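Biologist: I am new to this model. Please take me through its confidence and the packing of a few helices.

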Amino acid sequence: MTTLRRRRLLQSALAAAVLGASGLASRPARAGGVLQAALSGGSAADSWDPRRPRGVFMVAASQGAVFDTLTEVAADGTLKGELATGWEASPDARRWTVTLRDGVSFHNGRRLTAEDVLASLALHRDPASPAHALVSGIEEMRAISPRDLRFTLRSGNADFPYLLADPHLVILPADDMAEAMARGIGTGLYRVERFDPGRRFIGTRVTEHWKDGSAGWFDRVDFLALADPEARLRALAEGRVDAADALPPAALATLDSDPRLRLIRQTGNLQYGFAADPGLDSADLRLALKHAMDRPRLVAEVLGGYGQPGRDTPIGPANPYFSGATPPAHDPDRARFYLRRAGLEGIPLPVSAAEAAFPGAAQAVDLLGETLPLRPASPGDPALRALISPGRATEDWSLSMAPAACAPCDASRARFDTLLQTARAEFDSARRAELYAELQMMGASSGGLILPMAADHLQGLSRRLATPATQGALWQMDDARMAERWWIA
């Protein structure tokens, strides 16, 4: 998303308080065929319950195939309607009216109404939901007609329509929510034919869908969940799948030498790093970790050079207000100084860093261990944990998903919270840039997310697949929407 495009959207909202959405794209070359993909992020705990954490496998199967959200972040970063056709804001961005698309049906034949949206969003009042931070900002939501909803927020949020595109905020039928979560009943382009949690999803194309002629070109989609990047590469190289995500840097030699395959490399907001659990976390430990990170070396050795140094904030280079705030420089002596000040001198830090956390997590721990003493964490103990920060389309969305980890843990926390709330409600683009620049500076200097690596998306595709010229980079695989955006060449 370019800053100009985002500014135009926000300035239009300020002038007219109306954001429209068309939601249609030009027709690709042809329909038909089967898409087979090997995807990361599967888990035996996967389900159609949108309150569960989701990796790429479930995002692609859920939001990318079986269900729809109210809005959709297009491949170029602009916002368009999915189940919503338009949205109107009050001047303070606190009250929003959302209009639903007419004639949309669930896979069980029932028509979509405003009550379905209310029930689906209410699921995320559950504090355990990954989308709780997004929905908790809604003070009141109600239907004002079968196709219109009124949202009153606790404070103004100029990006509210973007938040409604979160992969967890899919819409289910209100009158049979439990059945919908058990069987996967949505309004999406593909109906569930088979679902093995953490292993496989097969979907068949719905007939007479409202997206006909604009999306959903495959007759069938077949997704395999493969946790091992090398296994995904082998499946692609052997022709068992047409596409694979999150490939290891070593995959480039294989892809370059095989005329049947091609590489898609994208810069998004994907970052790898660490955060300390409560009970271990402290301001001095954060500074020790920041100074211990040799960011260029981590990018070179863990990412194979396919990325750039991270900035310790979930706001990434694909966000329009990315400022490039710089964390403290690599300095092993200062890292050990702050470790002593934290009362941890000579005490190995407990680390939880399974390779599934992110590709190369074990290697990153080994490099960190050259500066700070580390040990494997015991079950249940506070630890330094390896993590992925996938980033989001807007700055507030990124920060709101983990506000405690992003913020300082000292007296400046109050200012961080005030800045975040002020930026959230601000329509003026220049002012927003100033506010988000300061928030990023605070995260880089004293925030609890230690993100030393911003990783490129490395995806391999068979040349039998065709893709649009512009692909989304919020998630792997065209924002995990390849089932509806790609086609057979």
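Modeller: Buried means under 20% relative accessible area, exposed over 50% and partly exposed in between (1.4 Å probe, protein chains only). This is a predicted model, in which local features need pLDDT of at least 70, side-chain atom pairs count only at pLDDT 80 or more, and totals for chains, interfaces and linings use all residues. Residues are numbered from 1 along each chain as its sequence is written, and side-chain values use heavy atoms, without hydrogens and water.

Biologist: What pLDDT does the protein chain average?

Modeller: The pLDDT is the predictor's confidence in each residue, from 0 to 100. At least 70 is scored by 94% of the residues, whereas residues 1–26 fall below 50. The average for the protein chain is 91.

Biologist: How many residues of helix α9 are buried?

Modeller: Helix α9 (a DSSP run of H or I, at least four residues, numbered from the N terminus) spans residues 283–292. Among its buried residues are Asp 284, Leu 285 and His 291. Of the 10 residues in α9, the number buried is nine.

Biologist: Which residues of α9 make the contact with α16?

Modeller: The axes (lines fitted to C-alpha atoms over the stretch in contact, with angles from 0 to 180 degrees between N-to-C directions) of α9 and α16 lie 8 Å apart at about 90°. Therefore α9 is roughly perpendicular (65 to 115 degrees) to α16. In contact (heavy atoms within 4.5 Å), α16 contributes Gly 443, Ala 444, Ser 445 and Ser 446, and α9 contributes Arg 286, Leu 287 and Lys 290.

Biologist: At what angle do α15 and α16 pack?

Modeller: Helix α15 covers residues 413–425 and α16 covers residues 429–446. Their axes are 9 Å apart, and the angle is about 150°.

How values were computed. Helix = DSSP H or I, 4+ residues; strand = E, 2+ residues; numbered from the N terminus. Parallel < 35°, antiparallel > 145°, perpendicular 65-115°, else oblique.
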